[in-house]
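The following questions and answers are intended for a reader who meets this structure for the first time. Please keep the sequence and the model in view while reading.

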Amino acid sequence: MVGSALVRRFRSEPGVTLLLRSSQELDLTGQAAVEAFFAAEKPDLAVIAAARVGGIHANNTRPVDFLYDNLAIAANTLHAAFRAGVKRVLFLGSSCIYPKLAPQPMTEDCLLTGALEPTNEAYAIAKIAGLKLCQYYRRQHGVLFHSAMPTNLYGPGDNYHPENSHVLPALIRRFHEAARAGRSEVTAWGTGAPRREFLHVDDLADACAFLLRLEDPPDWINVGTGSEVTIRELTELVAATVGFRGQIKWDPSKPDGTPRKLLDVTKLARLGWIAKTGLEQGIRETYASFLAEEASGRLRR
Ligand SMILES: NC(=O)c1ccc[n+]([C@@H]2O[C@H](COP(=O)([O-])OP(=O)(O)OC[C@H]3O[C@@H](n4cnc5c(N)ncnc54)[C@H](OP(=O)(O)O)[C@@H]3O)[C@@H](O)[C@H]2O)c1
């Protein structure tokens with residue numbers, strides 16, 4: 001999802017040539033292949049958006065995959081970029097690097113101040129290692145390696161897999177299928193009370209372009225909207241957008257998860273960037289791309 005958004009953002013930028021490889025062409029967990037790619041192509045700049053990504057279920061049941069793959073991707077790409085003389089790297093982490101009980105909204109300096117959320121600890125540890133590697137390459141070797149920590153993302157190219165997807169794409173799929181089947185009710189997990197933040201992926205790509213223009217960027221910086229919705233509001237918005245007319249029931253015997261997860265985006269706003277896409281508009285556009293991806297057989301499910 002993010003890689004495609006970066007391509008949309010950069011492909012018309014004057015003077016930019018994109019060097020793209022699919023995961024089939026270049027497995028970033030293989031050190032020798034990654035070294036060979038960077039040594040041959042010698043890019044001026046790299047954005048590390050590749051990662052093993054998934055929802056709570058996948059993270060919780062396959063921690064080895066999430067820690068090993070993401071550690072290998074970070075270590076291989078950053079080291080190979082350094083050896084090939086790449087001048088600038090932007091590494092993408094995630095808001096889940098911050099402690100489970102971090103004060104809300106979460107500022108950049110709450111990193112490593114407490115225990116992580118156990119269900120995504122493996123993924124978070126790999127992302128923290130990547131962010132720290134960037135900071136240390138910059139400190140030890142003077143190269144401009146820096147990181148961005150996006151909040152929950154959504155948009156074209158998202159993953160709609162029933163077990164591996166995140167909450168927003170999962171809701172889109174669920175309510176789309178219920179609406180299509182003419183179901184009269186859908187039961188949602190928990191109370192709907194938790195609050196979450198969502199950023200359109202094209203806004204993230206724009207934030208990356210902004211950060212890549214800064215002469216002296218922070219080692220890592222939060223990228224979000226700074227605003228939040230309850231899961232109940234989100235669910236109702238998705239249901240209305242996909243045309244579900246039935247009843248939404250809540251099952252409070254299912255876990256709610258963390259009550260609130262919001263990034264503090266003051267630092268990025270002070271530097272001059274704010275998100276542009278409202279949630280209602282973003283979900284409407286994302287549902288349109290969901291339908292187009294489904295019709296063309298490109299939907300990730
Ligand atoms: N989605 C979110 O809500 C979110 C939130 C915060 C941060 N992020 C960060 O944003 C970045 C992109 O996430 P996304 O949502 O765009 O995920 P995504 O759609 O699943 O994209 C991840 C990409 O990485 C590729 N990849 C995975 N393992 C690889 C490997 N070993 N070698 C080469 N390529 C590999 C995948 O290729 P295949 O599909 O072919 O395997 C896929 O193209 C990640 O760093 C993630 O941590 C995402």
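Q: Is Lys42 buried or exposed?
A: A residue counts as buried if 20 or more other C-beta atoms, placed from the backbone, lie within 10 Å of its own, as exposed if 12 or fewer do, and as partly exposed in between. Lys42 has 12 other C-beta atoms within 10 Å, and it is therefore exposed.

Q: On what kind of model do these statements rest, and from which number are residues counted?
A: This is a predicted model, in which local features need pLDDT of at least 70 and side-chain atom pairs count only at pLDDT 80 or more, while totals for chains, interfaces and linings use all residues. Along each chain, as its sequence is written, residues are numbered from 1.

Q: Where is Lys42 placed, and what is its phi?
A: Helices (H or I, at least four residues) and strands (E, at least two) are DSSP runs numbered from the N terminus. Lys42 belongs to the loop between H2 and E1. Most residues other than glycine have a negative phi. Although Lys42 is not a glycine, its phi is positive, at about 40 degrees.

Q: Which residue in the loop between E2 and H5 has a positive phi although it is not a glycine?
A: The residue in question lies in the loop between E2 and H5 and counts as exposed, with 11 C-beta neighbours inside 10 Å. Its phi is positive, about 60 degrees, and the residue is Leu112.

Q: Which peptide bond is cis?
A: Most peptide bonds are trans. Pro105, in the loop between E2 and H5, is preceded by a bond with omega near -15 degrees; this cis bond runs from Gln104 to Pro105.

Q: Which helix gives the most residues to the largest nonpolar core?
A: A nonpolar core is a set of buried Ala, Val, Leu, Ile, Met, Phe, Trp, Tyr and Cys residues joined through C-beta atoms within 7 Å. The largest one has 72 residues, and those with the most contacts inside it are Val89, Phe91, Ala148, Leu204 and Cys208. The greatest contribution, eight residues, comes from helix H5 (residues 121–141).

Q: Which residues does Cys208 touch, apart from those up to four places away in sequence?
A: Two residues are in contact if their C-beta atoms, placed from the backbone, lie within 7 Å. Cys208 is one of the residues with the most contacts inside the largest core. Its partners are Leu6, Val47, Leu90 and Ala148.

Q: How many residues around the ligand are nonpolar, polar and charged?
A: A residue is near the ligand if its C-beta atom, placed from the backbone, lies within 6 Å of it. By this rule 21 residues surround the ligand, the closest being Val2, Ser23, Leu28, Ala50 and Ala51. Helix H1 (2–10), helix H4 (63–83) and strand E4 (152–154) each give two or more residues to this shell. With Ala, Val, Leu, Ile, Met, Phe, Trp, Tyr, Cys and Pro taken as nonpolar, Asp, Glu, Lys and Arg as charged, and the others, Gly among them, as polar, the shell holds 11 nonpolar, seven polar and three charged residues.

Q: What is the distance between the end C-alpha atoms of H4?
A: The expected span of a helix is 1.5 Å times one less than its number of residues. H4 has 21 residues and should therefore span 30 Å, which agrees with the separation of its end C-alpha atoms, 30 Å.

Q: Which glycine follows H4?
A: Residues buried in H4 include Phe66, Asp69 and Asn70. Among the elements that its buried residues pack against are helix H2 (31–41) and strand E1 (45–48). After the helix comes a residue with a positive phi near 80 degrees, Gly85.

Q: Which glycine follows H6?
A: Helix H6 (residues 167–181) has 15 residues and reaches 21 Å from its first C-alpha to its last, close to the expected 21 Å. Its buried residues, among them Val167 and Leu168, pack against elements that include E4 and E5. The residue that follows has a positive phi near 70 degrees and is Gly182.

Q: Which residue is the bridge partner of Thr187 in E10?
A: Two strands pair if DSSP finds at least two bridges between them. Strand E5 (residues 185–189) and E10 pair in the parallel sense over five bridges. Of the five residues of E10 (residues 247–251), the number buried is zero, so the strand lies largely in the open. The partner of Thr187 is Lys249.
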